[in-house]
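Subject: The structure we talked about

Hi there,

Here is the structure I promised to pass on to you. Have a look at it first, and then read my notes below.

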Amino acid sequence: MSRILDVKGFEMLDSRGNPTVMSEITLDCGIRSIAFAPSGASTGAREAVELRDGDALRYSGKGVLKAVSNINGPIKDILIGRDPLAQGEIDDLMVGLDGTPDKSDLGANAILSVSLANVKAAAVLIKQPLYMHLASLAGNSSLSMPVPMMNIINGGAHANNNIDIQEFMIQPVSTPNFREAIRMGTEVFHSLRNLLISEGLSTGVGDEGGFAPDLSSNDAALDLISQAVDLAGYKLETDIMLALDCAASEFCRDGVYRMSDDTQVYTAEQLVGYLEKLCVKYPISSIEDGLDEMDWEGWKLLTDRLGDKCQLVGDDLFVTNPSIFSEGISQRIGNAILIKLNQIGTLTETIETINLAQSSGYAAIISHRSGETEDTTISDLAVATGSGQIKTGSLCRSDRVAKYNRLLKIENEMKFEIPYRGTSEFARGR
Ligand code: PGA
Ligand code: ZN
């Protein structure tokens, strides 16, 4: 049986040019694997802690040398000689060593990158594709290709423009497989680009690769996408559904919501009314973080009013945390959860949250962060857990496209004998 021989941490760069952590695990049989931690910009207040050095003389305080030295010191010491196939034990050891509820001692960036490097080494060791090993860790035997949520217009904290809603996404739902979904989405992306050029609008992109033009309103973004779908020769609702991430915590102050495209200040109830109207005007299958992460009363109202028509996704709301999510389930808040590995900090806890969603009738959407790297583990995780959906940005920038390319490769390896969940209840909302 092979054992962990060495664990190393490195300070690398993410897609925004900020430092991030990479880990490398070496097994005594010579197998070596690496994994990166991603990084958010519109983070939830209750996420596990991303440890940054705070040394203003390096990377404006964003260096990760402390996290790296935690890997090269205590994490390495506790993991050497361990069995890489015992993922749960490895993650538990790191959680125990950290000893805080939010992983603030060792850093969730340090812990997660080691957790993922380990699972990759283990998959190589047992000569399985990563998604197969992840599926057995998750106890899942129904693998599927996820419906992508492609973020083609960026606003909010991800773009230097005046749009309040953070993400305007498309979900291809009428194709028989993932490969055709990628083609459909990419064709819409390119027709949107042409449309922006013809209207004299910027084709510069935001953090997740979506266009980031200045627009007069949220409706203007949805109208442009609707036109782009049409120009590409597809039909909204039949072929393509729209999805939003409001990231409402970013524009909530003192219990009210202030959107800059409108002079009006919204109460939670008024914002719910606004979202309801948007859903009547456009075929919107999914709304993420429609209200602030602390506004659970507002969320209850949103769920009562829209929960049977639309997927309502908690991202900042649930922060991939099984105990916060359990509370949400018992209060019937939302009907879906966004899954971000670094919000909780280990693979094992992430899988626990996904399984909790699936056993509670909530959809689980596997997600990237706005700060990403070439790491494509989330693609394998989406297939392995049969989550049915993945959110991984636009159809340009290698940090985003790498995830789609990995999924294309998986579908090919499976000889297209793996279901694509395009017409599932998840993709069409509820
Ligand atoms: P973040 O944004 O990675 O900047 O938190 C992504 C999201 O809100 O879904
Ligand atoms: Zn979000």
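One definition will help you before we start: a residue counts as buried when its relative accessible area is under 20%, as exposed when that value is over 50%, and as partly exposed in between. Please also keep in mind that this is a predicted model.

Let me use that definition straight away on two lysines. Is Lys-127 buried or exposed? Its relative accessible area is 76%, and because the cut-off for exposed is over 50%, Lys-127 is exposed. You will find Lys-127 in the loop between helix H3 (108-125) and helix H4 (130-138). Its phi is near 55°, a positive value in a residue that is not glycine.

Lys-415 makes a good companion to look at. This lysine sits in the segment after helix H13 (398-413), and its phi is positive too, at about 50°, although Lys-415 is not a glycine. With a relative accessibility of 62%, Lys-415 counts as exposed.

Now for the whole chain. The secondary structure comes to 13 helices and 14 strands. What radius of gyration would a compact globule with 430 residues have? The answer is near 22 Å, and the protein chain has 21 Å, so the two agree. Along its principal axes, the C-alpha trace spans about 60 × 50 × 45 Å. Buried residues make up 62% of the 430 residues. Among the contacts with a separation of 6 or more, 71% are between residues 24 or more positions apart.

The surface and the charges can be put into numbers as well. The accessible surface of the protein chain comes to about 15,400 Å², and 50% of it belongs to carbon and sulfur atoms. There are 38 positive and 59 negative charges, and their mean positions are 4 Å apart.

Next, go to the metal site. Which residues coordinate the zinc ion (ligand 2)? They are Asp-245 (OD), Glu-288 (OE) and Asp-315 (OD), at 2.0 to 2.2 Å. Along the chain, these donors follow the spacing D-x42-E-x26-D. Glu-288 lies in strand E10 (residues 284-288), while Asp-315 lies in the loop between strand E11 (311-314) and helix H9 (322-330), so this pair ties together parts that are 27 residues apart in sequence. Glu-288 is buried at 1% relative accessibility, and Asp-315 is buried with a relative accessible area of 2%.

Helix H12 (residues 377-384) is worth a visit too. Eight of its eight residues are buried, so H12 is largely enclosed by the rest of the structure. Among these buried residues are Ile-378, Asp-380 and Leu-381. After H12 comes Gly-386, whose phi is positive, near 55°.

Finally, find Thr-392 in the loop between strand E14 (388-391) and H13. Thr-392 has 0% relative accessibility and counts as buried. What does Thr-392 contact, leaving aside its neighbours within four places in sequence? Its partners are Met-149, His-368, Ile-378, Arg-400, Lys-403 and Tyr-404. You have met one of them already: Ile-378 is among the buried residues of H12.

Have fun exploring, and write back with any questions!

Best wishes

Methods: Residues numbered from 1 in each chain as written. Chains lettered and ligands numbered in written order. Predicted model: local features only at pLDDT ≥ 70, side-chain atom pairs only at ≥ 80, totals over all residues. Heavy atoms only, no water. Helix = DSSP H or I, 4+ residues; strand = E, 2+ residues; numbered from the N terminus. Rg over C-alpha atoms; globule rule 2.2 N^0.38 Å. Buried < 20%, exposed > 50% of the residue type's maximum accessible area, 1.4 Å probe, protein only. Contact = heavy atoms within 4.5 Å. Areas by Shrake-Rupley, 256 points an atom, 1.4 Å probe, with all protein chains shown as cover. Lys, Arg positive; Asp, Glu negative; His and termini not counted. Charge placed at Lys NZ, Arg CZ, Asp CG, Glu CD. Donors = N, O, S within 2.8 Å, 3.2 Å for Na, K, Ca; no water.
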